[in-house]
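I opened this entry to keep track of what I looked up. My topics were helix packing and salt bridges.

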Amino acid sequence: MAKQSVAEQFVDILVRAGVRRLYGVVGDSLNPIVDAIRRNSAIDWIQVRHEECAAFAAGAEAQLTGRLAACAGSCGPGNLHLINGLYDAQRSMAPVLALASHIPSSEIGSGYFQETHPDQVFQECSHYCELISSPRQMPRVMQTAVQHAVGRSGVSVVALPGDVASQPAPERAEEHAIVTSRPTVRPGDAEIEELVRMVDRADRVTLFCGSGTAGAHNEVMAFAERVKAPVGHALRGKEWIQYDNPYDVGMSGLLGYGAAYEATHECDLLMLLGTDFPYGAFLPDDVKIVQVDVRPEHLGRRSKLDLAVWGDVAETLRCLTPKVRVKKDRRFLDKMLKKHADALEGVVKAYTRNVEKHTPIHPEYVASVLDEEAAADAVFTVDTGMNNVWAARYLTPNGRRRVIGSFTHGSMANALPQAIGAQFLDRKRQVVAMSGDGGFAMLMGEFLTLVQYELPVKVVLFNNSSLGMVELEMMVSGLPSYGTGNRNPDFAAIATAAGAYGVRVEKPKQVRSALRDAFKHKGPALVDIVTDPNALSIPPKISAEMVTGFALSASRIVLDGGVGRMVQMARSNLRNVPRP
């Protein structure tokens with residue numbers, strides 16, 4: 001029997017850890033790994049057009065399954081391209097192992113062609129980052145990397161010179177059992193008892209939920225019923241907690257809607273469940289706050305806590321709910337539910353009624369129709385920017401749909417590569433990339449990856465010919481927009497030229513039929529929808545500073561001769577602006 005090489009052992013460990021695809025771009029330092037994959041029927045090499053896509057695709061796969069996924073980049077510039085997607089995976093708590101192949105080991109430190117130091121470069125975006133400089137470090141370094149990624153829900157990076165990968169693996173090397181799933185974490189009895197006391201003393205309890213409530217829907221609902229608590233959510237908590245939720249009061253934050261802001265500020269006990277919500281300005285500073293999180297480093301870093309509880313949300317609530325007294329007074333809950341209903345009627349639905357003749361097309365209308373036409377178990381990948389707003393406000397979770405994006409890292413161009421990872425998991429499941437024209441253009445080459453692998457991803461392109469969220473940020477700062485316009489091609493024509501289905505939509509009455517036709521198409525499809533560049537995202541609570549910023553921006557635009565633009569913007573957004 002031929003002796004196993006380091007590359008073959010590396011690939012075997014990936015397979016044992018449950019990895020079925022390695023996303024990347026080939027290069028000479030990766031040749032031993034790629035050839036080992038070619039000869040291993042249990043794993044596939046997925047050729048993308050840019051390594052950033054490889055990292056995003058692996059991160060999406062890991063987020064959807066909770067299992068380890070993997071990507072690779074060749075030495076120097078190749079693996080440097082991974083870094084943005086790896087930052088996103090790390091901040092999304094997605095278990096990803098990245099292979100950063102390296103220059104010949106004898107040349108390290110000599111300023112060799114394409115030399116970087118990946119064992120240093122990736123330190124900040126990983127839990128584990130090590131260089132294998134000798135075959136004797138295998139398989140231990142690789143196994144350690146796997147267990148860091150899985151156990152800490154994040155990124156591990158292994159730097160491996162191509163010449164070391166080609167060498168024979170050590171004989172009789174110990175291969176340990178590999179951990180591929182995480183345990184549950186139960187809080188201590190003292191924390192549970194103190195939490196019981198705080199809940200029992202409170203008259204008005206509000207729950208605010210994040211991605212840490214994944215798998216805890218039933219427990220959250222049971223607790224909310226017992227203490228008559230309104231339930232709000234952050235963006236990453238929406239898909240886990242909004243559906244089948246009679247206590248729902250919407251979302252807080254810059255993209256928020258409904259009565260979540262009021263519910264978190266008018267309670268006397270706020271419970272933060274599995275959320276590392278970063279926007280302190282939307283959290284109260286005059287109510288008691290409890291935070292429950294499985295990551296202890298998250299506790300108390302966004303707001304001052306009266307109690308920090310280290311534990312899984314589901315496990316914590318299973319311990320807590322039977323111990324707290326049943327609250328019978330629903331007045332606070334019912335008040336927040338009414339506020340939420342009024343807000344939805346007056347704001348979220350404002351753009352989706354009587355807009356069949358409005359051109360350019362309201363993006364909210366597109367998102368609303370997309371929500372109605374998409375499959376009940378669709379996976380949506382959402383570009384950062386205004387598409388986050390439309391997804392947050394108009395996509396309806398149901399416990400079967402998934403919505404992923406670069407919600408913490410906030411990278412542009414994430415939707416298309418994440419859709420690639422999602423579609424490789426299940427070719428029969430509908431995957432929809434909600435792309436902006438700016439983000440899509442950044443990694444547009446990955447549309448060719450869809451065509452090459454015949455992946456039936458449907459790209460719904462919200463084409464407003466601008467970097468809309470940046471324009472909004474400029475306005476809030478009192479600045480006129482500058483450098484935000486895009487001169488775009490006919491993206492549908494480009495899709496058709498690439499060998500995919502493409503259609504351009506310029507009238508509202510075409511939206512529904514265009515989406516239906518795209519969804520019926522067997523292969524990749526792109527729907528290029530020309531949307532209103534003046535549609536703004538208005539937060540549910542506007543501060544005086546925001547109003548001042550808008551006023552300054554408006555006055556500067558008018559002084560610059562842009563009064564027509566301000567009239568257009570006012571007409572587009574008048575119904576959607578709450579009073580400060």
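Entry 1, helix packing. I looked up how helix α1 (residues 6-16) sits against helix α2 (residues 31-38), and found that they pack at an angle of about 55°, with axes 8 Å apart. That angle makes α1 oblique to α2. I noted the crossing of α1 and α2 as right-handed. On the α1 side I listed A7, E8, F10 and V11 in the contact, and on the α2 side P32, I33, A36 and I37. Sorted by class, the contact of α1 with α2 has seven nonpolar residues, one charged residue and no polar ones. I kept in mind that this is a predicted model.

Entry 2, a network. I met E8 again when I turned to charged side chains: a network of salt bridges links E8 with D35, R38 and R39. I then asked how many salt bridges the structure holds. The count came to 28.

Entry 3, a pair within one helix. I found a salt bridge between the side chains of E194 and R197, at 2.8 Å from N to O. Where do E194 and R197 lie relative to each other? Both are in helix α9 (residues 189-201), and because they are three residues apart there, about one helical turn separates them. I recorded E194 as partly exposed, with a relative accessible area of 26%. R197 is also partly exposed, at 38% relative accessibility.

Entry 4, a buried pair. I looked up R401 and found that it forms a salt bridge with D371, where the closest N and O atoms are 2.6 Å apart. This pair links distant parts of the chain, 30 residues apart: R401 is in the loop between α16 (386-394) and β15 (402-405), while D371 is in helix α15 (residues 363-373). Are R401 and D371 buried or exposed? I found R401 buried, and D371 buried as well.

Entry 5, another pair from α15. I noted a salt bridge between E373 and R516, with 3.0 Å between the closest N and O atoms. E373 lies in helix α15 and R516 in helix α22 (residues 511-520), so the salt bridge ties together parts that are 143 residues apart in sequence. I checked the accessibility of each partner. E373 has 18% relative accessibility and counts as buried, because the cut-off for buried is under 20%. R516, at 42%, counts as partly exposed.

Note on methods
Residues numbered from 1 in each chain as written. Predicted model: local features only at pLDDT ≥ 70, side-chain atom pairs only at ≥ 80, totals over all residues. Heavy atoms only, no water. Helix = DSSP H or I, 4+ residues; strand = E, 2+ residues; numbered from the N terminus. Buried < 20%, exposed > 50% of the residue type's maximum accessible area, 1.4 Å probe, protein only. Axes fitted to C-alpha atoms, helices over the stretch in contact; angles between N-to-C directions. Parallel < 35°, antiparallel > 145°, perpendicular 65-115°, else oblique. Left-handed = near helix turned anticlockwise from the far one by under 90°. Contact = heavy atoms within 4.5 Å. Nonpolar A, V, L, I, M, F, W, Y, C, P; charged D, E, K, R; others polar.
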